[in-house]
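These are my notebook entries on a single chain, set down in the order in which I looked things up. The model is a predicted one.

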Amino acid sequence: MHLDASQEKMLRGKEGAARQLAMEILTKVGDAVGADSLVPIVSAHVLAHYSSLHDAGIEMLERFANAGGKFAVPTTVDPASMDLEKWKSFGIPEDYAEKQFRLCRAYDKLGGIPCWTCAQYQVCNFPKPGENVAWAESSSVVFANSLIGCKTNKITAGMDMACAITGLTPRFGMLLDENRVPKISFKVAAGALTDLDYRSIGFFIGKHAGSRVPALEGLPPSVTSDELKHLGAAAAAAGPVTMIHFVGVTRGADSLAEATRRETVESVDVTRSDLQKVEGDLNQTDELPDLVALGVPHLSVSELGNLAEMLKGRKVDRKVKMYVYTSSQAYDMAIRSGIAGDIESSGARLTHTTDAEISPLKKMGFNVVLTNSAKMAEIVSSEGEIKMRYASLKEIIEEVTR
């Protein structure tokens, strides 16, 4: 991989040990994936939650921070593994919390923006179409490539820090226009769609597209960016999806022919029976849940308002906890607008800076979790400690409230 003079200087340690380590990571990864060069990025989004990084991740972030490392571009961060303000009241063990706080301190020392959300593109990280970014959160990668029109690969832990500290990323994969052309198309043929259907469509695409970039037709014109957020998150959880050409929405995809550059690609219908099979696959049990988890990825203010309306006049069963996850910015807006009070008057609990899929749910005392997130149902069930149930928001509220 070619390096220019300033990059060679970083690699030789002329700009400090942190940048030298970061450049060593980028050159090794770049050579491994066949990148021809390093290109500038306008922002990074990194991981600093203990449930995924573990002790090795703490050592890595502290090594960068203690070596004088500073982020070279605006850098945001995925949710922590616990509510950073009210963690004790959620039953987080103190030794677990201290490990998360070590990650927080290292991230802060590196100069990161403390947004702690997986939907940073809705609240604190706004690239323009055509710009290169280096984002680590899989759902936000799909949103960036598909809806914003910027370019990013799904950046792994460790490499995310290297990109943020150097302000560079290897030029390969989704940064190349020829790799962004859809090679398979899906067409929704399932009638009217519920909130769960959007997640299930994404999951179906993720399972069937493989490494091919998919296109998707047949969504209603009224589809919202929140619905596409959840669809993309489910696709990225089910397979190696980093972009979906939403025909009629994605830039350069006003039609399927335009998206595919008039190439003929395999076409797959997504039927109601396909969505029912996804629901069956993601339901591991019919046991009563002890936790309902909503907000994977984080809910927007609009989604919180809709939830408040659905919970109006109802009370959550005392045998069940209902946690609602959102960004800190949406959380503050929900408090000022009264939405938070409306939600919590039902007995549900609004939380921010964290997310259910990366929380130590078993340590918090939960065994059966009910959600409308295909991403969460897939990821948490794969770890084997928690039994997952998957249902629409309407079905969830009817089951666990009175």
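**Entry 1: a helix and its two ends**

I began just past helix α8, where Gly 210 follows with a positive phi, near 65 degrees. At the other end I found Thr 194 as the N-terminal cap of α8, with a side-chain oxygen 3.2 Å from the backbone nitrogen of Leu 196.

I then checked the length of α8, which covers residues 195-209. Its 15 residues, at 1.5 Å a residue, should span 21 Å, and the end C-alpha atoms lie 22 Å apart, which agrees.

Is α8 enclosed or open? I noted that 12 of its 15 residues are buried, so the helix is largely enclosed by the rest of the structure. Among the buried residues are Asp 197, Arg 199, Phe 203, Phe 204 and Ala 209. Leu 196, whose backbone nitrogen faces the cap, is also on the buried list.

**Entry 2: a parallel strand pair**

I looked up strands β13 (residues 368-371) and β14 (residues 387-390), which pair in the parallel sense over four bridges. Between them the chain passes through helix α15 (residues 374-383), and this β-α-β crossover is right-handed. I recorded Lys 387 in β14 as the bridge partner of Val 368.

**Entry 3: a loop residue**

Val 368 came up again when I examined Asp 290, since the two are in contact. Asp 290 sits in the loop between α11 (272-282) and β10 (291-299). Beyond its neighbours within four places in sequence, its contacts include Lys 319, Lys 321, Gly 365 and Asn 367. For Asp 290 and Gly 365, 75 residues apart along the chain, I noted a C-alpha separation of 8.8 Å.

**Entry 4: aromatic pairs**

How many aromatic pairs does the structure hold? I found eight. In one of them, the ring centres of Trp 87 and Phe 101 are 6.0 Å apart and the planes stand at 75 degrees, so I entered the pair as edge-to-face. Trp 87 lies in the loop between β3 (75-77) and α4 (94-109), and Phe 101 lies in helix α4, 14 residues apart. Trp 87 counts as buried at 13% relative accessibility, whereas Phe 101 counts as partly exposed at 22%.

I next took Phe 90 and Tyr 323, whose ring centres are 5.0 Å apart with planes at 80 degrees, so this pair is edge-to-face. Phe 90 is in the loop between β3 and α4, while Tyr 323 is in strand β11 (residues 321-326), 233 residues apart. Phe 90 is buried at 8% relative accessibility, and Tyr 323 is buried at 6%.

Lastly, I recorded one aromatic cluster formed by Phe 71, Tyr 107 and Trp 116.

How values were computed
Residues are numbered from 1 along each chain as its sequence is written. This is a predicted model: local features need pLDDT of at least 70, side-chain atom pairs count only at pLDDT 80 or more; totals for chains, interfaces and linings use all residues. Side-chain values use heavy atoms; hydrogens and water are left out. Two strands pair if DSSP finds at least two bridges between them. Helices (H or I, at least four residues) and strands (E, at least two) are DSSP runs, numbered from the N terminus. A crossover is right-handed if, with the strands pointing away from the viewer, the path from the first strand over the helix to the second runs clockwise. The expected span of a helix is 1.5 Å times one less than its number of residues. Buried means under 20% relative accessible area, exposed over 50%, partly exposed in between (1.4 Å probe, protein chains only). A polar contact is a pair of N or O atoms within 3.5 Å; within protein, one must be able to donate a hydrogen and the other to accept it, and residues adjacent in sequence count only if both atoms are side-chain atoms. Contact means heavy atoms within 4.5 Å. Rings of Phe, Tyr and Trp (its six-membered ring) pair if their centres lie within 6.5 Å; planes under 30 degrees apart count as stacked, over 60 as edge-to-face and the rest as tilted.
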